[in-house]
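Subject: Handover of a structure

Dear colleague,

Please find the sequence and structure below, followed by an account of what was found. I hope that the notes are useful as you look through the coordinates.

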Amino acid sequence: MKDQVAVVAIGGNSLIKDKTKVSVEDQYLAAKETTFHIADMIEAGWNVAIGHGNGPQVGFILRRSEIAHKVEGMHEIPLDVCGADSQGAIGYSLTQTLQNELRKRGINKPVATVISQMRVDANDSAFQNPSKPIGGFMEEEEAKKRAANLGWQVVEDAGRGWRRVVASPIPQEVLELPSIKELIAAGHIVVTVGGGGIPVVMENNEIKGVAAVIDKDYASSLLAREIKADLFLISTAVEKVALNFGKPNEKQIDRMTLSEAKAYLAEGTHFAKGSMAPKMQAIIWFLEAGGKQALITNPENIGRALKGETGTWIVQD
Ligand SMILES: Nc1ncnc2c1ncn2[C@@H]1O[C@H](COP(=O)(O)OP(=O)(O)O)[C@@H](O)[C@H]1O
Ligand SMILES: NC(=O)OP(=O)(O)O
């Protein structure tokens with residue numbers, strides 16, 4: 001099974017284990033646990049490009065900048081630069097933990113993070129309708145207070161609490177794609193399109209950062225389409241996707257076809273908006289562009305799922 005390439009998308013929330021007491025050490029341990037399972041894939045012969053989220057992390061960076069500005073008058077950090085910071089820090093921990101794990105196993109594969117910009121459409125309606133949750137979770141009362149006092153836009157995030165939201169335009173083009181392709185073709189493990197890529201627009205033929213956070217599943221799907229990946233794997237907190245999620249008649253699914261996935265998504269009741277729905281949409285785009293297969297499962301079940309023992313597989317009709 002040589003030369004098969006998988007794009008693996010890792011959720012930003014899954015890189016924070018303890019949601020009540022966030023620390024750098026905790027995030028490092030979460031990265032270590034995730035890359036341990038990615039090392040299993042590499043050991044089994046997969047070439048891997050890793051995309052990751054940054055929702056919580058980019059929100060923390062932005063908030064630190066706002067507080068430092070308020071308390072000490074320090075310069076504020078624009079959201080695109082916060083995104084770049086998060087790519088660097090998360091890329092650092094994913095790269096280092098994977099390098100350590102591969103070394104331990106005697107696997108000689110280079111790993112590198114490619115800081116990447118994602119072109120978006122300056123006229124994307126998402127700029128008028130912020131929808132991407134960032135930072136930590138709040139009680140409703142606190143969220144509404146911050147909305148009133150600080151001008152935040154806030155939403156209830158998939159039953160998990162309230163969060164601040166920012167614009168999340170659709171990714172159009174990975175600007176560093178030629179370099180990423182070269183590295184993958186040369187057998188490097190690449191961490192890229194972190195946090196969905198740093199959002200940029202073209203203005204008078206110049207690249208310019210914009211205030212947004214791109215959905216990493218959409219961005220990883222675009223990368224998977226561009227490099228014609230053999231597998232698009234979304235690693236998240238659930239072993240399998242369910243129909244009627246959270247309802248008494250919930251049913252976990254082992255396998256669905258592209259047509260079934262589209263029909264279930266269109267029904268609007270199975271996959272929660274802002275969590276599973278964008279993942280299914282990202283997979284639908286991948287399969288519609290000719291991708292063979294996609295898989296959703298949690299990090300600890302990646303190995304078993306690749307053997308066909310668990311996870312939810314989404315395949316061509
Ligand atoms: N139909 C569904 N089947 C399984 N999980 C679902 C479904 N709908 C919503 N979810 C929720 O979506 C979550 C994954 O979304 P999210 O936490 O946003 O992902 P990540 O941060 O890993 O990208 C799961 O942990 C689960 O709580
Ligand atoms: N950028 C992004 O999609 O982050 P999350 O995975 O944390 O939502």
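In this predicted model, eight strands make up an open sheet, arranged in the order S3-S9-S2-S1-S12-S16-S17-S15, and their pairing is mixed. The edge positions are taken by strand S3 (111–113) and strand S15 (255–257); each has a single partner strand, so one side of each is left without a neighbour in the sheet. From one strand to the next, the twist averages 20 degrees.

At the S3 edge, S3 pairs with strand S9 (residues 189–191) in the parallel sense, over three bridges. Within this pair, valine 111 is found opposite isoleucine 189 in S9. As general background, strands of a sheet pair through backbone hydrogen bonds, and they may do so in a parallel or an antiparallel way.

Two helices may be considered together with this sheet. Helix H7 (residues 258–267) packs on the sheet, where it touches S15 and strand S17 (312–315). The direction of H7 makes about 90 degrees with that of S15. Helix H8 (residues 276–288) lies across strand S12 (231–235), strand S16 (293–297) and S17. Relative to S16, H8 runs at about 165 degrees.

A further group of strands involves S4, S10 and S11. Strand S4 (residues 117–119) and strand S10 (residues 198–203) run parallel and are joined by three bridges. Here glutamine 117 has isoleucine 198 in S10 as its bridge partner. S10 is also joined to strand S11 (residues 206–209), by four bridges, and these two run antiparallel. Glutamate 203 faces glutamate 206 in S11 across this pairing. S10 and S11 form a hairpin with two residues between them. In the turn, asparagine 204 has a positive phi of about 50 degrees.

The model also contains a ligand. Which residues come nearest to ligand 1? Of the 17 residues around ligand 1, they are Gly11, Asn13, Phe245, Ser275 and Met276. By type, the shell around ligand 1 consists of nine nonpolar and eight polar residues, with no charged ones.

Finally, an unreviewed UniProt entry places the feature "domain: Aspartate/glutamate/uridylate kinase" at residues 5–298. Over residues 5–298, the chain is 40% helix and 23% strand, and the C-alpha atoms at the two ends are 19 Å apart.

Yours sincerely,

A colleague

Note on methods:
Residues are numbered from 1 along each chain as its sequence is written. Chains are lettered from A and ligands numbered from 1 in the order in which they are written. This is a predicted model: local features need pLDDT of at least 70, side-chain atom pairs count only at pLDDT 80 or more; totals for chains, interfaces and linings use all residues. UniProt positions are given in the numbering used here, feature names are shortened, and annotations may be inferred rather than shown by experiment. A residue is near a molecule or strand if its C-beta atom, placed from the backbone, lies within 6 Å of it. Ala, Val, Leu, Ile, Met, Phe, Trp, Tyr, Cys and Pro count as nonpolar, Asp, Glu, Lys and Arg as charged, and the others, Gly among them, as polar. Two strands pair if DSSP finds at least two bridges between them. Axes are lines fitted to C-alpha atoms, for helices over the stretch in contact, and angles run from 0 to 180 degrees between N-to-C directions. Two residues are in contact if their C-beta atoms, placed from the backbone, lie within 7 Å.
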